[in-house]
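Please keep the sequence and the model open side by side while reading this note. The points are numbered so that each can be checked in turn.

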Amino acid sequence: MKEIVSAAIFALSLCSSLPLYAADHCDDDEVVIKFSHVVSAEGHPKGEMASALARRINEEMDGKACMQVFPSAKLFDDDKVMEALLLGDVQLAAPSLSKFEAYTLKYRVFDLPFLFSSMAAVKSFTEGEVGQELLGAMSDYCFVGLGYMLNGLKQFSADKPLQLPRDATGLDFRVQNSDVTVAMIEALGASARKIRFGDVYTALERGKVDGQENTWSNIFAENFYTVQDGVTETNHQLLAYLAVVSRDWLDSLQPDVQYQFLKIFDEVSKEYNARALGMNAFKKIQIIENGGVVRQLSPDQRDKWVEVMKPVWDQFIDGIGQDVIEAAMEASQPRKRSGLH
Ligand code: LMR
C-alpha cells in the first residue's frame, strides 16, 4: 500500500481534488477509515492533525487499515457527517463541539462565553474526570467520542471597529449551529445567522453578514480578515472538536486493529493539541503581516464584554449541569493547570 500512498501524494500535484495524504485506493483486505472534515488541510490544528493521523495509520497499519482524509467539506459538511457515520459512508468525523446540540445539551459547556481563561484551562478540563466522562455523552445515539481535538479561543471581527460591546449592536454575525452562541450574540443587541462554514467568506464578502467570530487559524485560513475592517482579540469562546465514530464500526474492528487505531489516535491528538496554541498565535502574526488589522482590548474594555455576554450562562445551566460547569471553572484556577499556558 505504501506505493499507492506515494502515488497518491505525487498525483496531488497534478490533481488537487484528491484527498490529502489519502491512499487513493485501499487494499481489499484493509479496513478503510474515511475521515471527513470541513477545514483546510494545512495551517490548521484539525487539518494538520487529520493528515498526521492518516500518515501514521497508513505507515504503521499497512495491510490492516488505510485512512483517507477529505478536508474542506469535500465529502460531507458538518450537518451531514453524523448521519454519514451511521450509514458507514465515513468512519471518523470531528465537528466542533458546538454542533452536537441535537444529541446532547452537555457540550454546551464548551460554548459558554468567557468560561475558559486559557487553553491550559481547556486542557485541564478535557483531560480531567468530568471532561473524560463527557466523551460518552452520545452513547444513546450509538456514537463514541474518541477524544477532543483542540483549536483555540475565538475572536470577533466585523466590517467596523469593535472595541466595546456597543460597537456590535445592530450588526449581523455569522455563528455556528449553537444556541449558546446565538444567545451570546443577541446579548450584544446584534443578530446571529447560522451559516455553514464553507459559506462564511462569501457571506462576509457580499455583506450578507457584517461580522463573524472564530479562531485565528480559521480567520487566516479562510481569509475572513481580508473582507473585514479588523479582528478584535476577545478570546471570548472556545473552538474545539469531538473526534467521533459510530459504536457499530468501532466494535466491528478486530481487537488488534482497534487497539492500534485508538493508540495512534491518542498519540497524534495529544501531539497536535499541544501544538494548537502556537499554531493560532502564528496565524495571528500572519494576519498582521498580511495587512490585517488586529485590535486589543484594555482590561476595562474586556470587562465590558464579559459583563454583557456572561449572563447568558443562566439560560443553559439546566441542560449542562451545575457540576459540569463547576468542574470547568475549577480547571481555570491556575493551581489546577499543567502543560499549556
Ligand atoms: C465553524 O463552523 O466555524 C467551525 O466549526 C469550523 C471548524 O471545523 O473549525
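The points below go from the domains to the sheet, then to a helix, the aromatic rings and the backbone.

1. Before anything else, the reader should bear in mind that this is a predicted model, and that every value quoted in this note is computed from that model.

2. The domain assignment divides the protein chain into domain 1, made of 2-99 + 136-150 + 240-275, and domain 2, made of 155-237 + 286-331. The C-alpha centres of these two domains lie 29 Å apart, and the contact between them draws on 11 residues from domain 1 and nine residues from domain 2.

3. The size of an interface is often given as the accessible area lost when the parts come together. For domain 1 and domain 2 that area is about 770 Å², with 45% of it on carbon and sulfur atoms. On the side of domain 1, the residues that lose the most area to domain 2 are D77, S98 and K99, which together account for 47% of what that side buries.

4. A reader new to the fold may find the sheet a useful landmark, since six strands form an open sheet with mixed pairing, in the order β7-β6-β8-β5-β9-β11. Its edges are β7 (191-194) and β11 (294-295), each of which pairs on one side only.

5. Which way do the residues of strand β8 point? Along residues 211-214, G211 and E213 point one way while Q212 and N214 point the other way, and all of them are buried. To one neighbour, strand β6 (residues 172-175), β8 is joined by two bridges, and these two strands run parallel; here G211 is the bridge partner of F173.

6. With strand β5 (residues 155-158), β8 pairs in the antiparallel sense over four bridges, and within that pairing N214 of β8 stands opposite Q155. Strand β5 also pairs with strand β9 (residues 230-232), again in the antiparallel sense but over three bridges, where F156 faces T232 of β9.

7. Is helix α4 enclosed or open to the outside? Seven of its nine residues are buried, so α4 is largely enclosed by the rest of the structure. The buried residues are M119, A120, A121, V122, S124, F125 and T126, and they pack against α5, β4, β10, α10 (255-289) and α13 (322-331).

8. A search of the whole structure for aromatic pairs finds 13 of them. One is formed by Y103 and Y141, whose ring centres are 5.2 Å apart and whose planes meet at 85°; because an angle over 60 degrees counts as edge-to-face, the pair is edge-to-face. Since Y103 lies in the loop between β3 (92-93) and α4 (119-127), and Y141 in the loop between α5 (129-134) and β4 (143-153), the pair ties together parts that are 38 residues apart in sequence. Both rings belong to partly exposed residues, with a relative accessible area of 25% for Y103 and 39% for Y141.

9. A second pair, formed by F110 and Y148, is tilted, with 5.5 Å from centre to centre and 50° between the planes. As F110 lies in the loop between β3 and α4 and Y148 in strand β4, this pair too ties together parts that are 38 residues apart in sequence. Here F110 is buried, and Y148 is buried as well. Both residues belong to one aromatic cluster, which consists of F100, Y107, F110, F116, F125 and Y148; one of these, F125, is among the buried residues of α4 already listed.

10. Another ring to inspect is that of Y272, over whose face R275 lies, at 4.4 Å from the ring centre.

11. Two backbone angles deserve a look, given that most residues other than glycine have a negative phi. C142, in the loop between α5 and β4, has a positive phi near 65°, and this residue counts as partly exposed at 39% relative accessibility. N235, in the loop between β9 and β10 (238-246), has a positive phi of about 45° although it is not a glycine, and N235 is partly exposed too, with a relative accessible area of 24%.

Methods: Residues numbered from 1 in each chain as written. Predicted model: local features only at pLDDT ≥ 70, side-chain atom pairs only at ≥ 80, totals over all residues. Heavy atoms only, no water. Phe/Tyr/Trp six-rings, centres within 6.5 Å; stacked < 30°, edge-to-face > 60°. Buried < 20%, exposed > 50% of the residue type's maximum accessible area, 1.4 Å probe, protein only. Lys NZ or Arg CZ within 6 Å of the ring centre and 35° of its normal. Pairing = 2+ DSSP bridges. Domains from an automatic or database assignment. Contact = heavy atoms within 4.5 Å. Buried area = accessible area lost by both parts, 1.4 Å probe.
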